[in-house]
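Open your viewer and switch to the cartoon view. Keep the sequence panel in sight. We will go from strand to strand.

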Amino acid sequence: MQPFASVLSSLNPAQEAFEGTITPDWLQGRTLFGGMGAALCLHTARKLTGEERPLRSMTVSYIAPVSPDAPFEITPRVLREGRNVTQASAELRQNGAIATAANFCFAKDFPSALSGNEMPMPAPRPPEESDPLPFFEGMSPSFARHFDMHWSHGAFPVQGAEKGDNLVWVRHKDDVSDVKESAFIAMADALPPSAISMLSKPAPLSTLTWQLNILDPSFETDDQWWLTHARVLHAANGYVTQESRFWNSEGKIAAAGWQSVAVFG
């Protein structure tokens, strides 16, 4: 299997873009794992913006599959660089067609009279006492081999649960200490949508859009573990709205996000 950091470093500069290929172990069904696609877009955007301004927010649209059968290219752009905020974008294309579009906001800290946090960490079981999600050959997505996922609360996938409400510890199996920012983005999308717990039989799910606010851009945690609370807020007509929150091992809020997910079943 190709380690996460190796995938990032394998991108080759090509004029104003970066070219690469994907290996089958990073697939989610027939396409590139969406968290990896977002992480690759962020990695290339950082080539233009530098590392000085922390990542504050990102929005990703998943437009078409990314196949392992052909190379892809990512074109990053700086949309505007102001006194405090830099806005950047990245488009991942394959065979000339756009597959993933991402927008990023990088911004400095500055003084403010406002401070508050209404997102305290729930009381989970620790990772070592939580239930590891097994890898089911032929059912689990290939990319899941790169992550540990330990269920603290909620139902495993395809259990016919009344609610999609899961509290799960997630971490990369590889050492990602040198690429913490991009690794966090990939980790934040590693869990299947929580609606999958509500299904009584397997069905395809596909994220359409993903928005993530970064609340602590240090990306520091112990032993690479992050606690995710993912829950379905609304489900109807084949579409699900999901909210997710992320805390580090010490209970500090790291990010909050929302996804729009299509459920084909």
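Select Pro13 and Phe18 together. Pro13 stands opposite Phe18, which belongs to strand β2. Keep in mind that you are looking at a predicted model.

Now widen the selection. Color residues 12-14, strand β1, and residues 17-20, strand β2. The two strands run antiparallel, and three bridges join them.

Next, look at the turn. How many residues lie between the strands in the hairpin of β1 and β2? There are two. Click on Gln15 in this hairpin: Gln15 takes a positive phi near 55 degrees.

Stay with β2, but add residues 72-81. This is strand β6. Here, too, the pairing with β2 is antiparallel, with three bridges. To see one facing pair, select Glu19 and Glu73: Glu19 stands opposite Glu73 in β6.

Now jump along the chain. Select residues 165-172, strand β11. Is β11 largely enclosed or largely open? Buried means under 20% relative accessible area. Seven of the eight residues of β11 are buried, so the strand is largely enclosed by the rest of the structure.

Which strands pair with β11? Add residues 147-153 to see strand β10. β10 and β11 are antiparallel and share six bridges. Zoom in on Trp151: its bridge partner in β11 is Val168.

Then add residues 226-236, strand β13. β13 runs antiparallel to β11, and six bridges join the two. For the last stop, select Asp165 and Arg231. Asp165 stands opposite Arg231 in β13.

Methods:
Residues numbered from 1 in each chain as written. Predicted model: local features only at pLDDT ≥ 70, side-chain atom pairs only at ≥ 80, totals over all residues. Heavy atoms only, no water. Pairing = 2+ DSSP bridges. Helix = DSSP H or I, 4+ residues; strand = E, 2+ residues; numbered from the N terminus. Buried < 20%, exposed > 50% of the residue type's maximum accessible area, 1.4 Å probe, protein only.
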